[in-house]
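Trainee: Please choose one part of this model and take me through it slowly, from its place in the chain to what lies around it. After that, I would like to see how the rest of the model compares in its general layout.

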Amino acid sequence: MARVTKEERKNGIISAALKLFSEKGFYITTIPDIAEKVGMSVGNFYNYFKSKDILAKELVLYISEYLGNQIREINDREISTEEKIYEIISMYFNMADEKPEMIEYFLRVYLSNREVFGDGCEGMICVSPFVTEMMMFFNDGVANGDLHDQDFFSAFGLFMGYLGGMVFLFGEKILPEPLEWYKESISQNIYNALKTR
Amino acid sequence: MHSKQDNKPRLLWLQGVTCNGNTHSFLNLPYLPLLLDKFEVLYYPAMEALHSFEEISACKLSCDVLIFEGAYDPLMKRNGVFMKEMLAHYAATAKHIVAAGTCASFGGMFKEAASHRNSGILFNEEEMNGPLLKHKKRIINLSGCPIHPEWMGYTLSMIANDQTVITDELHRPVELYSNLAHHGCTRNEYFEWKVDTKGFGQKEGCLFYEQGCRAPMTHASCNKILWNEVSSKTRIGTPCFGCTEPDFPRTELFQTKTNMSIPEDVPLGVPKRSYLTMAGIAKTFHIKRLEGKLIDYKTTD
């Protein structure tokens, strides 16, 4: 059997922790819970992460980098801003569908437990890869004349607040239709709200 | 017998379409008399020289160093003689040709007024297709609106001492123009931590975010070789307008062009993505010392 590398082990912990934190909650989940889920001793776990708080911050960075890379790939495509909006929404909803623990963690752990993230993960520090790509998206959209010039956070809030809200409703099982069903209309709404007038 | 005076390089200062800004700026050079003593000044617009302009415009003399100030206009006459004829006559035998100021270097302010007609002597903005193209190897551009007196002082000293002036792709001396105006700015700490200035003329805050400062994108040593040996625009609270670059003058000089709050231009050579990452993280922190008046800050706070 092929030996599991340290990097693979670390990713295993990240994946297990994301699931446990988003299902059970941050405070209820213990390090022994996570160690048990990945099949390692508690002692060995500490070789990878020194504490639960450090792991929690690493997870935010991990999700932010994942999202950032996905959006960067869309930003680099030779497509219109309207198409990019659709692609970003598709990517985000697919992620909510296939890796719900990532978005759940972001919404339910990161945004709800500021005391954990206040020191060392405040402001843009842990979410920079994701927010930077959204900045690039908006910058390019205005520069090529597709989007109207306005304050970044007004536009960012409209875009990501909308998506976050929909994923939250989906997670609460309130949406009558699957997320996929809303892609077209949401893309259109966001584009109409942001486009050049 | 020849006197020592005869061996001095002969210097001639001609003017195209100009506001005289460079002529006047050069007069502020602290060691001007010492420098000019190394030359035989045939004509200079703002002080007594060996010849009158009538004699110069007759095109019977020649010079070693030709300084041309102002934009080139093919239809302009001085003393009834086309300036282009005078320029061609003196440029043909001059060993060094110096464009004094941005108008003579790239067209500048006066090209903006008559873009179809006016240009620099070698460049038309960034394009090298000016009237003195065939003399390009002998042309040094000293851009700036106006030139810094020390930049002309450096160039003429080098020439007087038979030293080679190494230039960049826009024919500007690298010694003077490889720095950015940002280098040496007293506001660098505010730039690092992304703290905006709160008004004109303030000692505190960076001028890059709101006030259109072009220093991080502008080749100039204004904050390294200070003006009048004491200060610079950014030090006293006025943004750099990028006056040494071929695209000067830009419009809306006191505004930073942004796309959804994101600066359209970022510091020279820095990828926008990298800049935004760095800027976003720096903005996260609030440094109390940088948020108020410097003189009010107490370390015991």
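Mentor: Let us begin with chain B as a whole, where, among the contacts between residues at least 6 apart in sequence, 69% join residues at least 24 apart. Keep in mind throughout that this is a predicted model. Chain B has 12 helices and 9 strands, its C-alpha trace spans about 75 × 40 × 30 Å along the principal axes, and buried residues make up 40% of its 301 residues.

The part I would choose is the sheet of chain B, an open one in which 5 strands follow one another in the order β2-β1-β3-β6-β7, with parallel pairing. Because β2 (40-43) and β7 (139-142) of chain B each have a single partner strand, they stand at the edges, and one side of each is left without a neighbour in the sheet. From one strand to the next the twist averages 20°. As background, strands of a sheet pair through backbone hydrogen bonds, and the pairing can be either parallel or antiparallel.

Two of these pairings can be followed residue by residue. Strand β1 (residues 10-15) of chain B runs parallel to strand β3 (residues 65-69) of chain B, and 5 bridges join them; if you look for Leu11(B), you will find that it stands opposite Val65(B) in β3(B). Further along the sheet, β6(B) and β7(B) also pair in the parallel sense, over 4 bridges, and there Val98(B) has Ile140(B) in β7(B) as its bridge partner.

Now stay with β7(B), and ask which of its residues are buried on one side and on the other. In a regular strand the side chains alternate between the two faces of the sheet. In β7(B), Ile139(B) and Asn141(B) lie on one side, Ile140(B) and Leu142(B) lie on the other, and all of them are buried, so that both faces of the strand are covered.

Helices of chain B lie across this sheet, and two of them are worth tracing. Helix α4 (residues 83-93) of chain B lies across β1, β3 and β6 (96-100) of chain B, and it runs at about 160° to β1(B). Helix α7 (residues 149-160) of chain B lies across β3, β6 and β7 of chain B, running at about 160° to β7(B).

Chain B also touches its partner, with 13 of its residues in contact with 18 residues of chain A. On the chain B side, the largest share, 8 residues, comes from helix α11 (residues 272-284) of chain B, and by class this side has 4 nonpolar, 5 polar and 4 charged residues.

For the general layout of the partner, turn to chain A, which has 10 helices and 0 strands. Its C-alpha atoms fill a box of roughly 60 × 40 × 35 Å along the principal axes, 32% of its 197 residues count as buried, and 71% of its contacts between residues at least 6 apart in sequence join residues at least 24 apart.

Helix α4 (residues 52-75) of chain A has 24 residues and reaches 34 Å from its first C-alpha to its last, close to the 34 Å expected at 1.5 Å a residue. Its buried residues, among them Leu59(A), Tyr62(A), Ile63(A) and Leu67(A), pack against α1 (6-24), α5 (81-98), α6 (100-110), α7 (114-117) and α8 (128-143) of chain A.

Two of those neighbours, α5(A) and α6(A), also meet each other, for their axes come within 5 Å and cross at roughly 100°; angles of 65 to 115 degrees count as roughly perpendicular, and these two helices are therefore roughly perpendicular to each other. Met95(A), Ala96(A) and Asp97(A) of α5(A) make the contact with Pro100(A), Met102(A) and Ile103(A) of α6(A), and these residues divide into 5 nonpolar, no polar and 1 charged. The buried residues of α6(A), including Met102(A), Ile103(A) and Phe106(A), pack against α1, α4, α5, α7 and α9 (152-171) of chain A.

Finally, Ser15(A) lies in helix α1 of chain A. Ser15(A) has 17 other C-beta atoms within 10 Å and is therefore partly exposed, since a residue counts as buried from 20 and as exposed at 12 or fewer.

Technical notes
Residues are numbered from 1 along each chain as its sequence is written. Chains are lettered from A and ligands numbered from 1 in the order in which they are written. This is a predicted model: local features need pLDDT of at least 70, side-chain atom pairs count only at pLDDT 80 or more; totals for chains, interfaces and linings use all residues. Two residues are in contact if their C-beta atoms, placed from the backbone, lie within 7 Å. Ala, Val, Leu, Ile, Met, Phe, Trp, Tyr, Cys and Pro count as nonpolar, Asp, Glu, Lys and Arg as charged, and the others, Gly among them, as polar. Two strands pair if DSSP finds at least two bridges between them. Axes are lines fitted to C-alpha atoms, for helices over the stretch in contact, and angles run from 0 to 180 degrees between N-to-C directions. The expected span of a helix is 1.5 Å times one less than its number of residues. Angles under 35 degrees count as roughly parallel, over 145 as roughly antiparallel, 65 to 115 as roughly perpendicular and the rest as oblique.
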